[in-house]
Amino acid sequence: MSDPASKPAPAVKKLFIKTYGCQMNVYDSQRMAEAMGAEGYVLTENQSDADMVLLNTCHIREKAAEKLYSDLGRLKPLKAEKPDLKIGVAGCVAQAEGGEIQRRMPIVDLVVGPQAYHRLPAMVRAGGGVDTEFPAEDKFEHLPKPAATRRAPAAFLTVQEGCDKFCAFCVVPYTRGAEVSRPVSRILAEARDLVGRGVREITLLGQNVNGWHGEGPGGAEWGFGRLIRAIAEIDGLDRIRYTTSHPNDMADDLIAAHRDEPKLMPYLHLPVQSGSDRILKAMNRKHTVDQYLRLIERIRAARPDIMLTSDFIVGFPGETDRDHQDTLELVRAVNFGTAFSFKYSPRPGTPAYERPEVEGAVADARLQELQALLTSQQKAAQEGMVGRELGVLFEKPGRNPGQMVGKSDYLHAVFVEAPQAKVGDLVRVRITHSAPNSLAGVLAA
């Protein structure tokens, strides 16, 4: 009779996750990995070694579904080689496409939307399926508690999901659902857990994060500024950021938090999308250019050193040359530290989908002109950092021996020769050089 203690341990199951798109998807992928970790899966960076491949998709960028199907096509040989390989599709394209994914790609075992991924382990045990429901239960409460391992020094924390704004170009209300804010107690508990495992910087996430309004102690409703102040009281936490915001939800208490709370970094991503009131109305943005500019004035009065970034859509249906020039004028008026700009691409199911598109060559030319202006502003902002002393949180070693890479107060990547430093150190760095997308410096004396 064999000794039970001598039986070999069960083989470790390996999980490969490819994450597309936004920071919220990065956070969701981490939580799905933790959920599958409770089922015995460990992450691998080698797709060919995996027992399960999970594609966590994003629907914001152009041709998102086509990119997914291309990736699934490249998985066919691996599935043929390993018939027991489980393939899953999660995220916003999963929500939008649903069972169509399995119809077009029978190699896919399961499809799960972003509000149902807490049910992923059960789906795997059941052999697969499709779950794109918007369940009534709080998915965060049904996910396993993360293993008590040390984390990277910077982490994401989702506080709000979904959106009620219904911008004419955006699929988020249809793929992520209505706005839902997590309660204060659960956010603070997760933040304290992160800090307890070595996290020094937390970025609060939400599709409309500054619209957060959650239940506080005693059932009282809190605003986002108050939440930031409460998180700032956590010992060991040094930095707070948040993304993505809507101009209509920059409340007075949030602007005051930028003025009063030193842990809240001097960086704000505040998408405007267009500098034309006519186009903003067509986009259903519910703010005007003047309202945006006056808001910027209030924010800068509260925090003069703040760096502002934004998003722009070029070539939205009906955009004229005058509308485009209005956008350029707004960019010059604000002077952004950096910004993201994209050519409009239609999303099925959105109000703008059936509207006549701007000619492709015209939209391309407008995008190039806008990006040239934004690039010049980014270059000037980074060159303005040279000679300044900034806080830098080291996140990883650099490519060169003795080099460390971290993020500045303004979210710039900074390269520093610091042989004695380690990941997680928060140091003062004197900036000596500006590159196209990063800074370099030396440890301050």
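Me: Before the features are discussed, what does the term "salt bridge" require?

Reply: A salt bridge is a side-chain nitrogen of Lys or Arg within 4 Å of a carboxyl oxygen of Asp or Glu. Side chains of opposite charge can pair when their charged atoms come close. The structure above is a predicted model, and by this rule its count comes to 33 salt bridges.

Me: Which residue forms a salt bridge with aspartate 249, and how far apart are the closest N and O atoms?

Reply: The partner is lysine 165, with the closest N and O atoms 2.8 Å apart. This pair links distant parts of the chain, as the two residues are 84 residues apart. Aspartate 249 is in the loop between strand S11 (239-243) and helix H10 (252-260), whereas lysine 165 is in the loop between strand S8 (160-161) and helix H7 (172-175).

Me: Into which domains is the protein divided?

Reply: There is domain 1 (13-136), then domain 2 (140-384), and then domain 3 (388-443). For domain 1 and domain 2, the centres, taken over C-alpha atoms, are separated by 27 Å. Their contact takes 24 residues from domain 1 and 26 residues from domain 2.

Me: How should one read the area that domain 1 and domain 2 bury between them?

Reply: Buried area is the accessible area that two parts lose on being put together, summed over both. Here the figure is about 2,200 Å², with 60% of it on carbon and sulfur atoms. On the side of domain 1, Met24, Tyr27 and Arg31 lose the most area to domain 2, together 29% of what that side buries.

Me: How many salt bridges and polar contacts are found between these two domains?

Reply: Between domain 1 and domain 2 the count is 2 salt bridges, and 4 residue pairs are in polar contact across the interface. Aspartate 28 forms a salt bridge with arginine 176, and their closest N and O atoms are 2.9 Å apart.

Me: Which helix gives the most to the side of domain 1 that touches domain 2?

Reply: Helix H1 (23-37) and helix H3 (92-97) each supply at least two residues of that side. H1 gives the most, with 10 residues. By class, this side of domain 1 has 11 nonpolar, 7 polar and 6 charged residues.

Me: Which residues does the UniProt annotation "binding site" cover?

Reply: The unreviewed UniProt entry places this annotation on Cys22, Cys58 and Cys92. They span 71 residues in sequence, yet no two of their C-alpha atoms are more than 10.9 Å apart, so they gather at one spot. Cysteine 58 lies in the loop between strand S3 (52-57) and helix H2 (64-81).

Me: What do the backbone angles show at threonine 244 and at lysine 286?

Reply: A cis peptide bond joins threonine 243 to threonine 244, with omega about 0 degrees. Threonine 244 is placed in the loop between S11 and H10. Lysine 286, a residue other than glycine, has a positive phi near 65 degrees. Its place is in the loop between helix H11 (277-282) and helix H12 (289-302).

How values were computed: Residues are numbered from 1 along each chain as its sequence is written. This is a predicted model: local features need pLDDT of at least 70, side-chain atom pairs count only at pLDDT 80 or more; totals for chains, interfaces and linings use all residues. Side-chain values use heavy atoms; hydrogens and water are left out. Domain bounds come from an automatic or database domain assignment. Contact means heavy atoms within 4.5 Å. Buried area is the accessible area (1.4 Å probe) that two parts lose on being put together, summed over both. A polar contact is a pair of N or O atoms within 3.5 Å; within protein, one must be able to donate a hydrogen and the other to accept it, and residues adjacent in sequence count only if both atoms are side-chain atoms. Helices (H or I, at least four residues) and strands (E, at least two) are DSSP runs, numbered from the N terminus. Ala, Val, Leu, Ile, Met, Phe, Trp, Tyr, Cys and Pro count as nonpolar, Asp, Glu, Lys and Arg as charged, and the others, Gly among them, as polar. UniProt positions are given in the numbering used here, feature names are shortened, and annotations may be inferred rather than shown by experiment.
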